[in-house]
Each structure stands twice: as structure tokens, then as C-alpha cells.
Amino acid sequence: MVIIETVKSFFFLIVCVFTAVTVLSQSFVYRHYTRDNGLAGNMVYCSSQDKDGFIWFGTENGASRFDGKNFVTFTTEDGLTDNEVLEVYSDKKGRTWFICFTGGLCYYYKGKIYSHKNDKNIPENLVLSKRSFSGFYEDNLGTVWFLSESLWGYNENKKFIPFIPEIANENSSKLYHIQVLRDSGKYNLAILIAERFTDTGILYRYDSLGTYKRKIKNIRVFSQDLGNTNIFRKQAIPELNLFNIKGNNVTLFKIRNDSVILEYSKNLKWDITRSNYNYTTGVHIISTYKHGVQEVNDAFEVTGTELLNEKISSTLIDKDNNRWFSTLGNGVFFRSKSAISYYSEKDELKSNDIKIIHFLNNRIYLGFKEGITQELVNSTFYNKSVIPAFNRSFNNIKGVYQNSKGELFFCSDRSVARINKAGAISYYNIGGSSVKDFSVVNDSILLFTSHSGTYLVSPQGKIDTLIHRKRGTTIESANLVGFSHYIATIDSLFYLDTSKRLNHISLYDFKKWGRISDLKYLNNGKLIIATYNHGIKYLYNDSLFSINNINGLISNQIRKLYIDSFQHIWAISDLGISKIILNRKNEIQTCLNYTQSDGFSTALINDMCINKDTIYLATDNGLNFFHENQLSKDPDHSVQITSFLVNNIPVELASKKLTANYGNNIKIKFNGISYSSSDFLTYRYFLTGDNPEGTITSLNEIELPALLPGSYSFKVLAINKNNIESKDNAIIIFEILPAWWQTWRFKALMGLVSCLAIYYVFKYRIKRIKKDEAEKTSINKQFAELKLEAVRSQMDPHFIFNCLNAIQHFNIKEDYKSAQYFMAEFAKLIRKTLNHSHRDFVILADEIDLLEIYIKLEKLRYEDLITYSITLTQDVKQQAGELLVPSLIFQPYVENAINHGLKYLKDGGGKLILNFEIQNNRLFVTLDDNGIGINKSKKLKEQENKSRTSVGISLSESHINVINKIHDLDIACTIIDKSALTPSNQGTLVQLSLPIKQKNV
């Protein structure tokens, strides 16, 4: 909003509405729990706190157990005798007893509810009528007494004992009503008996051992009902006081030297539902049906009133001195022991939504939205308007400042007002900017930062200097005078020195820590920086330090900072406030966290200030105020193990020994109990054999799916919002039983069987090795013989004779050159054959060279009646010098093709084709001839000479089988008569398939 000159001249009067409202009594802050929060029902009859710290509520829909965060409801499905629970009592042994609408008695203990159905010690016919039931009492011997038309006790031996004999014998005919009283004198148990049709009764008293000691007669009682009676001893007064409260009437008796003195009878005009007596303070806390909760002294004079409009059924003061108020129809109200007070609109507060709060000159200034301000002085509110009325809906109060002249400056989103001591108001022209923060330089120059930049405004109210163009977030003065300010923008942090020059501070990394929400400067030179997502940073001596949720803060989302008179840092976050004290080493000495659980009216706190020892919080739900010593620095908290489940089936925690089988899934559930740190509890647990430092978790259950057999101890403790561990821990001991195959008997048996098995396996292995060695020797011998036979078969006498004749023929013809060539090739063949016969594998190129020599000699031998070709694919050519093949494996098939196929062709024209190729990492060799074929060759041999047989092929087959067996190969050979494929075709096709075997591999 632009404050134009015409508006500035407009008369705008300060309105101090001194219709000051003196607040005689402030309101307490309550937490309200209903069915919406998990409570079983809104009709709550009673409450109790058990030994572990849980709070129990009896409702019309079951019993609810509360740990400060979550409700757990128990109904008839869990074992209650009826879902309408009228009375709840927790004894010292950890049992919680229930009186239900049907009158059936039951109790909860270590995760399970017991009644006559599963506890044989509870008589099935024990029915306690609500009409005459008047309560529970536990004496010093640990016996729990149940009070109705009769008296029953449940002793430490888990046995129900009936009415005390001496009383029963004396009153068998005139018994009307029984009341067990708390006797704080030298006696333990006091029992008041009302006689039928009279207004008097008899008091029986017992010592700490339960021995009958004293009887006092003629005590006046109400003939219809004893009501709510308490007997107690006043300190330093040798007499007993007995209060009897019935309906709206109270009667006080004094019992002295066995005499009964009526002190007074008073009509309280309240419909009393229940009363409690605080033996320490001497205060009666009376719950009423129409008048809330009344606190009275021994004279029954009212000393305090709470929840006037609620129908209170019971009031419980827990172990931490918190108060729980059960209502008939409106759930439960909780008031923290801190008893934080607050002002709201009903106390003349202008609005419950307070934006800023500031303390100056014994006045507390409050700022609201719409430009409204208010002053609080000595519990009195004064209304003050200092911001123009127009466009107030977009005009939240941002801050208050006082210069050395005593002038006040009020800043809002759209305007800055200056008020001198005489009350005159002037306004600064901020040019329509949306102000984020401001300060005053040299008592009159306005420095403000806004969405459009940071500016200086002259004392005359006009903008005269643009300091920085980027959007600002906050400003902090380093000194009271001069241009010594820190300015934070959307992405930078600057220091404005006395020459109006901006100095960039690079230590703060905006990309890493984000934008700055607030700045505060300490007297010792530390600059405290609040961030939106990364806690607090502070600069000191060119070093940057961090405070976050790891080292103490309750949240990293810091909205605002406050520095108290001791230079302690208060951080306002989205979850509450944190008080930080730094030591001289710039380390955190103390970090205390306070939240809504401490009694604040809301978690959303906008601002704070401290006046002397009173802390004021500006919230969106009124003005909270309290003394810091009202808040516990070490709030009580504990932890209890609530469930032990095996494969999701609960096991009774009351069992003497908890066991599970190996392989079972173990789940352990535990509850932290705290009414001031409930939302911030974490846990540290220890498991036998696990991390000795423990494991931190925010979950309240763990799963242990694969534990080895053995005994285990599981211990867990709770850690509150101030990182303080609970004084006591919860512990559970259980055992994982071994599977049948993990028992020592089975292991011993298996050891014996293993030894026998090893013996026989070892024996069999030796036998097998001997056999394998024998077979290997036999195979090697066979292999050597096959090699020799292969050489012999290749050195066919006819072949040698013909080769020698050919040499002689060339010599006779004096063709010495051909003879010499033939003789050289023949010698080369003989040498290669002998050389290859000593090796298992040879290089493919050498084997092909041998074949080609052999075929050439055979061709000369048959006077060129045959032709041949040897074809190698490109990849075979490239690898022929590296591939290994069994020695002399191809020659027998070539010899067989020439001597048993091609030589029988009358007119010559024989053709032999060899092809080498690689497919799928295997070498394929094809020998294709156009001879007479296998079948015709066999017939001719039979006709020529029946006694002569060719052994070349059978030797080759045996050769391949031996190689496959010794070298674990899979060489395959296929021989096909081509006439079988095509009748018009003749010849033989031999196909060899060999695995690739590389040289030096």
C-alpha cells in the first residue's frame, strides 16, 4: 500500500481505549481427547494409572489404555466381561482391575485380560453390583479389596478371601454397607460398617500385619449410602478426620481417643460424582456433574475451579502431577503439571492469532493481522491503533522498535509508523513495498527489506537509497547506532558497513542450506542464522558452526530467533521452542526443547519474549505465558514391552519362559510412556550379540526373523525430546529352540554317520582311483598300438612299391628332376607321418600339408586319373596356424576314398574334394568323392579276395573313440553312401565335426 502525501496529511488519531480489562483469572491450557483421537468412547466413567505409567479409561465402549500418544482399546473380544467399563483400578503388582456393567470382575496383566473364564482363582459367582459398589482399596499387605454389599480381597497368593471373619461374625444380621478407608495413622486398614435402619456405624481398624486392633462405635453415616469417605491423619494433630461426601452434602467427623466428634455438616450445592484428597497439600478435588472440578480446603472453602461447563465423572492426578479429567459425553481433558496459562479473545485479547510480541518499558506489545496492535501492562489490555485502517486485510504487524529517544516504530506489511513521546504519528513512504523486516539507523533513518529489495528511507519519510535489488528476508542490527547491519536476501547474506557499502558473506552456502528466516547478533560477536530447513548456523571469527536436530534441536525448520538477557538463544520452530546455551568453546552446553506436550495451546508459535522470569508466546491460539521453572527440564518418561509375537501369534508375557523355534519370525512391540515428549520419543534397543552401543529407532516394534538357537536378552529404553534416556529400561529374555536337526543328539548321530560315510567314500575312492589308473594304462597302451597301426596302415606296401617304381621310372627316362621331386615329396611324407605319429595333436596347417603331399603322390601313382581340391574358408585360413587337431585323423578317410572308391573308375575322372570350415565354434571337415561308393566297394572286395579286409576305417573309429575318452572331447564322424541319398548319384561323403582347440590353451 502506497502512503501518499494526501493520506499523510489526513488526521489519524491514536485511540487508546482505556477500557482496560483486568484479567482476574487466566485460562489453563488443556489437551482434549475424544473418539476422534482414538479414545474408545466419549462417555468416560473413570480413570486410573497403572504401575507402568499407562493411563486407563473406562468408557461405554470398552477400556482405553493411553501412553501419551496412542490409545489401545480393549473390549469383550479381548476378554472384558462387558464393554461398558464403570470402574478401573490399578494395583501395585501391575494389574488393572475392571468393574463392568454386568458386574463381572476381570483384570489386565502383561498383555492379557483374565476373568473367571481363564483364571480359576476368580469365583464365577463373584458379581459386584454397580449400584452398591463403592471402590477398591489395596492395603499394605498387597491385598486388593473390592467393596460392595460384601467385601472381597485378592491377596498376594492370588486367592480371593471373603469378608473378614470378626466383622462378619458381629454383623451377620445387621450388615448394610461396607466402606474400606485409607487410614494414614499407625493402622493399615479401616473398615466402616453401616448398620441397617440406623444412621450410625462401626469403624474397625487393623494394623500393618492385618491384625484386628480397634473398634469405634456410633459413627454417624448416611443410612442410604456411605458415599465417598476418606479417613486420614493431619500432620502434628493426634486425631483422625473422616470426611463423608454424599450427593451434595459433606460431613466431617473427628475421631480422637475412640470418641467420635461431629465437626460440621455442609451442603455444597454441587452434584458430586467423585472426590479425591491430596494428602500432601490437604486439598479436596471434587468432580461434579454440573459444576466442573472444584478444589476446596479442609473447611470446604473453594480455592480453585476448572472446566465449569463439563460433566466431570472423575479427576486423576498422575505420577508426574498431570491432571486427567474424565467427562460424561465429552471425552477426556488433560492439563499438564506445568499449568501453562493463556489469554484468548474471551479475555479481551483482540484476536487469538498473534503475529508478533515485543517487550519494551514494562509493556508487552502485541501485533495482529489487519494492522491491529495491543498493549499488555500488568495483566491489563489496552487497545492502540497505529496503522491506517484501509487495506488492513493485507497488513500484518511485522515488528516494534524503540530508538534512543524513546520513539516507537511500528512496522506492518504495508506501512511504518513513527510515534514520538508526545503521541504524534508520522509515516514513512515505503513505495508500496511488501515489507519483510526493518530496522532504524541513527534513531531516524529507516532501513527496510521487502519483496523488491532493501532500501533506506530518510527521516522525512522518503526513499532515498536502494541498497540491494533482490528480495530480502530479514535484517539484524550489529550495533545500536550506525550502518552496521546484516541483511539476508533470497540468495545472499551481506554486511552493511558504516559507509553504506554491502560486504558479501560467503561462508553461508545458500545452495546447500537454503534461505535465511531470521538473524540475531550476540554481544560476543556471534551472528546467529536461522534457516528454513537446516537448523541454526552461527558465524564467529570467520568460522561457521551448526546446530540441528542431530545435536539437540527438536526441528530443523526454524521460523524465528529470540535472544534473552543472558544471551541465550531461543529458536522458534514448527514443533515448538528450543533454548540453546553455548559454552566458551562454541559448543552446545544445553539444548532444552519445549512443545505443545508441555501445555502450550498450540504447536504453531509465531513469536516470543521474556519479561523477567515470565515467558510469553504469541501463537495462532492466543497468548501463552508461564515461568520456565514450570516446565520440566527432564520430563518423566519410561518404556514398557507390550507384546511378544511368534509368527504374529501373541505369547503371554506373564509366562515364566518365553520360547520360539528356530526359523520363527519374532516381533517385539514396546511403548514409550510420556505425557510431555509423546510425539518425539525415540528408542535405543540392545539385543544379545548385536551392536553393544545399541540401535536407535523411531519405531515401537522390531522384527527378528532369523535368530540362531540360543538365549537372548532384549532391552529397550526411551529417549525424550531433550535426548535424555529413560532411567529404567524394559527387558525381556527369551530362547530360540533349535530345530530337530540342530540338537546335540542329532549332531552326534550325524557325526557318527559322517565318519562312516567318509570312511566308505574314502575306501570307494581309492578303489575307483586304482581302477581308473588301470583303465588309463590300458587306454594309453591301446592308443599307442592304434598309432602304430595307423602308421602301418598308411604305409601300404603297394603304395610304397608304386612310389619306388615311379621313382625308378623317372630315373630310367632320365627325368632326374621329376624323380628327385617325387623322392623328396615321398621322403617329406614319411618324415611328417612319423613326426605326427608321436603326438596326440598337431597344427591344422601341418595336417593339411601332409594330406596334400599324400594326395599328390597318390595322383602320380594312378597317373593323374584323379583330381582333387582342398578348400579352406577365410576364418579357417586365419586360424589354421593356431588350431589343433588329432594327428593323422583325416588321412585314413582320404586313403579309403582313393583306394576303395576312385581307383575303380575305368575311364578316370575321379574327383576328391576336401572342405574345411568353422561353424558354431566347431571345425567341420567334408570329404566328398565320386567313386563307386561304399556298398559297391564292399562287393568288389568280396569278389577279389574274401580274406583281405580293410582295417583303416575301423582303426580311425577306434582312434576317435580313444581321443574322446582321454581328452574329454566330442569328435563325431558320419560316412554316407551318396547313392542312398540320390540313386543317380554315386560316391562317398565323409563328415567330421571337431571342437575348436587353440594352441597353448
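Is Arg335 buried or exposed, and what is the relative accessible area of Arg335? The points below address this and the salt bridges of this predicted model.

1. Arg335 is buried, its relative accessible area being 8%. This value falls under 20%, the cut-off for a buried residue. The salt-bridge partner of Arg335 is Glu306, and the closest N and O atoms of the two are 2.7 Å apart. The pair links distant parts of the chain, since Arg335 belongs to strand E30 (residues 332-335) and Glu306 to strand E27 (residues 302-306), 29 residues apart. Glu306 also counts as buried, at 6% relative accessibility.

2. A second pair consists of Arg363 and Glu375, whose salt bridge has its closest N and O atoms 2.4 Å apart. Arg363 is located in strand E33 (residues 363-368) and Glu375 in strand E34 (residues 373-377), so this salt bridge ties together parts that are twelve residues apart in sequence. With a relative accessible area of 31%, Arg363 is partly exposed, whereas Glu375 is buried at 6% relative accessibility.

3. Shared partners extend the description beyond single pairs. Glu295, Glu306, Arg323 and Arg335 are joined into one network by salt bridges that have partners in common.

4. A further salt bridge connects Asp91 with Arg95, with 2.7 Å between the closest N and O atoms. Both Asp91 and Arg95 are buried.

5. As to the overall count, a search of the whole structure yields 24 salt bridges. Those discussed above include Arg335 with Glu306, Arg363 with Glu375 and Asp91 with Arg95.

Definitions and conventions. Residues are numbered from 1 along each chain as its sequence is written. This is a predicted model: local features need pLDDT of at least 70, side-chain atom pairs count only at pLDDT 80 or more; totals for chains, interfaces and linings use all residues. Side-chain values use heavy atoms; hydrogens and water are left out. A salt bridge is a side-chain nitrogen of Lys or Arg within 4 Å of a carboxyl oxygen of Asp or Glu. Buried means under 20% relative accessible area, exposed over 50%, partly exposed in between (1.4 Å probe, protein chains only). Helices (H or I, at least four residues) and strands (E, at least two) are DSSP runs, numbered from the N terminus.
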